[in-house]
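Visitor: I am new to this structure and should like to be guided through it by questions. May we begin once it is on display?

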Amino acid sequence: MIDLRLLREDPDLVRASQRTRGASESAVDTLLSADATRRESVAAFEALRAEQKQLGKQMPKASGDERAALIARTKALSDEVKAAEETVRAAEAALTEAQLAIPNIVQEGAPAGGEDDYVVLREVGTKPDLAEPKDHLQLGEGLGALDMERGAKVSGSRFYFLTGIGAMLQLGILQLGLQQAVEYGFTPVIPPVLVKPETMRGTGFLGEHASEVYHLPADDLYLVGTSEVALAGFHAGEILSSLDEPMRYAGWSSCFRREAGSYGKDTRGIVRVHQFDKVEMFSYCRPELAAEEHLRLLAWEEELLAKLELPYRVIDVAAGDLGSSAARKFDCEAWVPSQGRYLEVTSTSNCTTFQARRLNVRYRDADGKNQFAATLNGTLATTRMLVPVLENHQQPDGSVRVPKALQPFVGRDVLSP
RNA sequence: GGAGGCUUCGCCUAGUCUGGUCUAUGGCGCCGCACUGCUAAUGCGGUUUGGGUCUUAAAGCCCAUCCCGGGUUCGAAUCCCGGAGCCUCCGCCA
């Protein structure tokens with residue numbers, strides 16, 4: 001959620017942000033008035049409550065008629081206090097609702113507009129020259145690495161088995177990612193993948209993404225769509241004693257997504273699936289350092305893509321496509337020869353203090369004051385990377401060259417049928 | 001699954017039976033100051049968090065906060081109900 005103080009001081013900044021996203025400007029005025037209403041109701045309640053406490057103090061000393069009069073007075077006051085409290089509660093609920101309706105303030109420099117208004121920052125690597133590229137599914141099946149049919153038999157569409165060399169390849173990619181993260185000082189984490197509603201809500205995934213999330217009603221738990229959820233919740237409600245250096249975590253987990261509303265989209269192979277594995281970078285840092293930390297996460301993502309020897313491009317995602325928590329987002333898209341297009345394989349978001357405000361993650365600054373931390377996340381390695389890895393490194397005979405960095409994990413330099 | 005115990009301002013802890021003087025005790029830690037010819041000891045002071053109000057700002061004042069949510073009451077850390085977490089024992093499973 002956005003900072004109400006900032007909103008009061010500079011509502012035009014928020015309006016401008018809404019404009020770049022193509023989102024509602026009137027929501028800003030709704031929030032402003034909800035804020036004013038809440039403060040009025042709080043003041044009214046507190047005045048009554050102060051009187052009640054004042055009179056309550058006289059009670060033990062009073063006796064006889066005086067006491068009877070006091071009780072009569074405070075009895076009436078008691079009802080007024082309860083009513084005022086109820087008003088405050090309603091005002092607070094209205095405020096929260098209005099506050100949740102406004103997404104994070106877009107970082108300066110992010111392109112305005114919608115999904116197609118991204119800006120390509122750079123293209124890296126050389127696309128392979130393939131006469132008739134096979135797609136990852138053909139290659140994967142040919143290698144005995146991927147079994148979609150049995151995935152569907154056992155669990156339904158968008159489920160799959162990674163078998164033999166496919167399993168090794170995926171583990172290799174993930175381990176390569178985790179190893180790199182550890183080298184750069186990340187704390188590796190294997191988090192729970194089932195989380196409580198408050199954790200899911202705190203990270204913002206029960207808003208516009210609610211239909212994407214698996215819910216287990218018997219236990220009222222949610223399956224995470226990314227370990228970002230658990231890593232963001234890790235320090236929820238805490239005051240971090242020092243944040244001079246960013247606190248960096250690398251979460252390794254399975255991820256679950258319902259992919260509701262994507263029927264007919266990316267139905268072939270493992271591009272879009274209900275369950276996959278991912279190593280996710282997550283960083284808590286001081287807000288003023290968030291922008292540079294964001295670039296660092298992006299650089300680490302690119303470093304991994306380079307190790308996988310993939311051609312890719314980096315895009316600066318347009319404001320309208322950021323999602324509610326991000327102020328800025330960069331995607332790395334790997335080249336997919338069979339489709340002749342780039343495919344998103346990693347994504348890094350700077351959530352500034354938006355997510356931390358909801359999760360109540362703070363740190364003590366140099367003056368000893370508590371401030372909300374900034375949170376950032378970025379994909380390091382994921383199942384989806386199997387697609388460009390198989391396709392870009394394929395050879396005419398259907399074998400696949402293993403990138404050097406993966407060879408120690410996979411145990412061979414060429415995968416053949 | 002059953003029974004019991006616990007949860008207090010960073011940590012430990014008093015207070016809960018017997019509701020008001022709890023504006024929550026003490027210790028440890030931490031911060032500041034004083035003193036001593038150095039970082040030790042001692043003394044004094046400060047030290048939950050959030051919100052409101054006022055202010056250029058600070059201070060001040062007010063409200064909330066004793067795991068969470070309800071209730072009883074003029075008044076709840078304290079009594080009642082529900083829930084969560086932790087611990088112990090029993091059962092079950094491994």
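Guide: One definition is needed beforehand: the expected span of a helix is 1.5 Å times one less than its number of residues.

Visitor: What span should helix α4 have, and how far apart are its end C-alpha atoms?
Guide: This is a predicted model, and helix α4 covers residues 64-100, which is 37 residues. At 1.5 Å a residue, the expected span is 54 Å. The computed separation agrees with that expectation, because the end C-alpha atoms of α4 are 53 Å apart.

Visitor: Against which element do the buried residues of α4 pack?
Guide: The buried residues of α4 are Ala91, Leu95, Ala98 and Gln99. Their packing partner is the helix that covers residues 26-58, namely α3.

Visitor: What is the mean pLDDT of chain A?
Guide: For the model, the scores are ipTM 0.83 and pTM 0.92. In chain A, 100% of the residues reach a pLDDT of 70 or more. The mean pLDDT of chain A is 91.

Visitor: How many helices and strands does chain A have?
Guide: Chain A has 417 residues, of which 42% count as buried. Its C-alpha atoms fill a box of roughly 105 × 45 × 40 Å along the principal axes. The secondary structure of chain A amounts to 13 helices and 18 strands.

Visitor: What separates the centres of domain 1 and domain 2?
Guide: Domain 1 spans 4-100 and domain 2 spans 115-415 in chain A. Taken over C-alpha atoms, the distance between the two centres is 43 Å.

Visitor: Which classes of residue make up the side of domain 1 that touches domain 2?
Guide: Four residues from domain 1 and four residues from domain 2 take part in the contact. On the side of domain 1, the residues divide into one nonpolar, two polar and one charged.

Visitor: Which element gives the largest share of the surface near RNA strand B?
Guide: RNA strand B is surrounded by 16 residues, the closest being Ala50, Met59, Thr74, Ser78 and Asn370. Two or more residues come from each of α3 and α4. By class, this surface has six nonpolar, four polar and six charged residues. The largest share, eight residues, is given by α3.

Visitor: Is serine 241 buried or exposed?
Guide: Serine 241 lies in the loop between β8 (239-240) and β9 (247-256). Its C-alpha atom is 8.6 Å from that of aspartate 365, although the two are 124 residues apart in sequence. A residue with 12 or fewer other C-beta atoms within 10 Å counts as exposed. Serine 241 has 7 such neighbours, and therefore it is exposed.

Visitor: Is valine 387 buried or exposed?
Guide: Valine 387 belongs to helix α12, residues 386-392. Leaving aside neighbours within four places in sequence, valine 387 is in contact with His136, Gly269, Ile270, Val271, Val336 and Leu343. The cut-off for burial is 20 or more other C-beta atoms within 10 Å. Because valine 387 has 25 of them, this residue is buried.

Visitor: Is phenylalanine 330 buried or exposed?
Guide: Phenylalanine 330 is placed in strand β12, residues 328-336. Beyond its neighbours within four places in sequence, phenylalanine 330 is in contact with Leu298, Val314, Ile315, Asp316, Val317 and Thr348. With 24 other C-beta atoms within 10 Å, phenylalanine 330 is buried.

Visitor: What is the phi of threonine 352?
Guide: Most residues other than glycine have a negative phi. Threonine 352, in the loop between β13 (341-350) and α11 (354-359), is buried, with 26 other C-beta atoms within 10 Å. Although threonine 352 is not a glycine, its phi is positive, at about 40°.

Visitor: Where is asparagine 360 found, and what is its phi?
Guide: Asparagine 360 is found in the loop between α11 and β14 (362-364). This residue counts as partly exposed because it has 13 C-beta neighbours inside 10 Å. Asparagine 360 is not a glycine, yet it has a positive phi of about 60°.

Technical notes:
Residues numbered from 1 in each chain as written. Chains lettered and ligands numbered in written order. Predicted model: local features only at pLDDT ≥ 70, side-chain atom pairs only at ≥ 80, totals over all residues. pLDDT = per-residue confidence, 0-100. Domains from an automatic or database assignment. Contact = placed C-beta atoms within 7 Å. Nonpolar A, V, L, I, M, F, W, Y, C, P; charged D, E, K, R; others polar. Helix = DSSP H or I, 4+ residues; strand = E, 2+ residues; numbered from the N terminus. Near = placed C-beta within 6 Å.
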